[in-house]
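Colleague: I'm new to this one, and I'd like a close look at a single part: the largest pocket and what surrounds it. Could you walk me through it and then link it to the rest?

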Amino acid sequence: MKKTIQNIEIEVSKGDIANQPDFEAVVNAANAKLAIGGGVAGAIHRAAGPELYEACKPLAPIAPGEAVITGAYNLPNDYVIHCLGPVYGRDKPEDKLLENCYKNALKRAEEKEVKSVAFPAISTGAFGYPIKEATKISFNTILAEIPKIKHLQKLKFVLFSEADLEIYKAMLSEV
Ligand code: ADP
């Protein structure tokens with residue numbers, strides 16, 4: 001499902017964040033050490049190859065809400081934007097920290113004049129953020145940032161399950 005909002009195409013679809021060949025940048029739901037890990041980080045590092053972790057090492061550690069950018073190595077993209085989401089119930093205020101993730105990811109993308117970026121549902125896996133609340137934050141933050149965007153033309157939310165996709169679709173249809 002797709003919708004164009006102020007010249008930016010926003011898409012929600014089910015898929016694997018490590019297999020997004022039509023996007024210049026993909027976002028990693030990273031850990032503080034920018035290490036390989038599980039979930040999104042595992043999929044991205046496995047597909048990118050060991051050079052990605054080498055590129056990450058000097059940029060680590062990052063704090064919740066921060067984002068850093070590297071090359072994408074064997075991934076079919078030019079850049080990986082690594083965001084550390086808040087651990088739900090531990091990193092406070094979690095809503096503000098999650099908002100910062102999306103804001104900072106867009107900032108890193110704009111700095112490199114990225115035209116297309118794909119996001120996973122940051123913090124909603126191992127970090128335990130309830131998907132509906134996280135979805136609202138991701139949409140509201142991106143919509144609020146759109147007026148500042150100069151380069152980005154296309155943004156996709158890549159969801160891993162049908163249930164998560166339905167929540168994102170409902171949110172996009174309300175926009
Ligand atoms: P976090 O630690 O930020 O919670 P996770 O990687 O554990 O990050 O999960 C974030 C979200 O990404 C979850 O909704 C999870 O189901 C989903 N996910 C896991 N693997 C992939 C993948 N390969 N592509 C897209 N989404 C994924």
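Modeller: Sure, let's start with the helix α1, which supplies the largest share of the lining of the largest pocket, four residues. Keep in mind as we go that this is a predicted model. The elements giving two or more residues to that lining are β3 (25-30), α1 (39-48) and β7 (154-159). The pocket has a volume of about 540 Å³, and 25 residues line it. Those lying nearest its centre are Ala 29, Gly 39, Val 40, Gly 125 and Ala 126. By kind, the lining splits into 14 nonpolar residues, nine polar ones and two charged ones. As for how one finds such a place at all, rolling a probe the size of a water molecule over the atoms shows where empty space is left.

Now for the ligand. It has 16 residues around it, and Asp 16, Val 40, Ser 123, Thr 124 and Gly 125 come nearest. Two of those names, Val 40 and Gly 125, you've just met among the residues nearest the pocket's centre. Some of the contacts are made by the backbone: a polar backbone atom of Ser 123 is 2.8 Å from an oxygen atom of the ligand. For Gly 125, too, a polar backbone atom sits 2.8 Å from a ligand oxygen. Ala 126 joins in with a backbone N or O atom, again 2.8 Å from an oxygen atom of the ligand.

Ser 123 deserves a longer stop. You'll find this serine in the loop between β6 (116-119) and α4 (131-145). Ser 123 counts as buried because its relative accessible area is 5%, and the cut-off for buried is under 20%. Its backbone has a twist worth noting: phi is positive, about 75°, although Ser 123 is not a glycine. Most residues other than glycine have a negative phi, and most peptide bonds are trans.

Ser 123 has company in that respect. Asn 7 is another non-glycine residue with a positive phi, near 70°, and its place is the loop between β1 (2-5) and β2. The surroundings contrast, though: Asn 7 has 71% relative accessibility, so it counts as exposed, whereas Ser 123 is buried.

The next loop along, between β2 (8-14) and β3, holds Ile 17. At 4% relative accessibility, Ile 17 is counted as buried. Ile 17 and Met 171 are 154 residues apart in sequence, with 20 Å between their C-alpha atoms.

Moving on to the peptide bonds, the one from Ala 60 to Pro 61 is cis, with omega near 0°. Pro 61 belongs to the loop between α2 (50-56) and β4. A cis bond also runs from Lys 92 to Pro 93, where omega is near -10°. Pro 93 is in the loop between β5 and α3 (94-111).

That brings us to the two strands just named. β4 (residues 67-71) is mostly covered, with four of its five residues buried. Strand β5 (residues 79-84) runs antiparallel to β4, and five bridges join the pair. If you want a spot to find by eye, look for Val 68, which stands opposite His 82 in β5.

Note on methods
Residues numbered from 1 in each chain as written. Predicted model: local features only at pLDDT ≥ 70, side-chain atom pairs only at ≥ 80, totals over all residues. Heavy atoms only, no water. Buried < 20%, exposed > 50% of the residue type's maximum accessible area, 1.4 Å probe, protein only. Pairing = 2+ DSSP bridges. 1 Å grid on protein atoms, 1.4 Å probe; cavity = no way out; pocket = protein on both sides within 12 Å on 5 of 7 lines; lining within 4 Å. Points joined across faces, edges and corners; volume = space filled by probe spheres on them. Nonpolar A, V, L, I, M, F, W, Y, C, P; charged D, E, K, R; others polar. Near = heavy atom within 4 Å. Polar contact = N/O pair within 3.5 Å; in protein donor to acceptor, adjacent residues only side chain to side chain.
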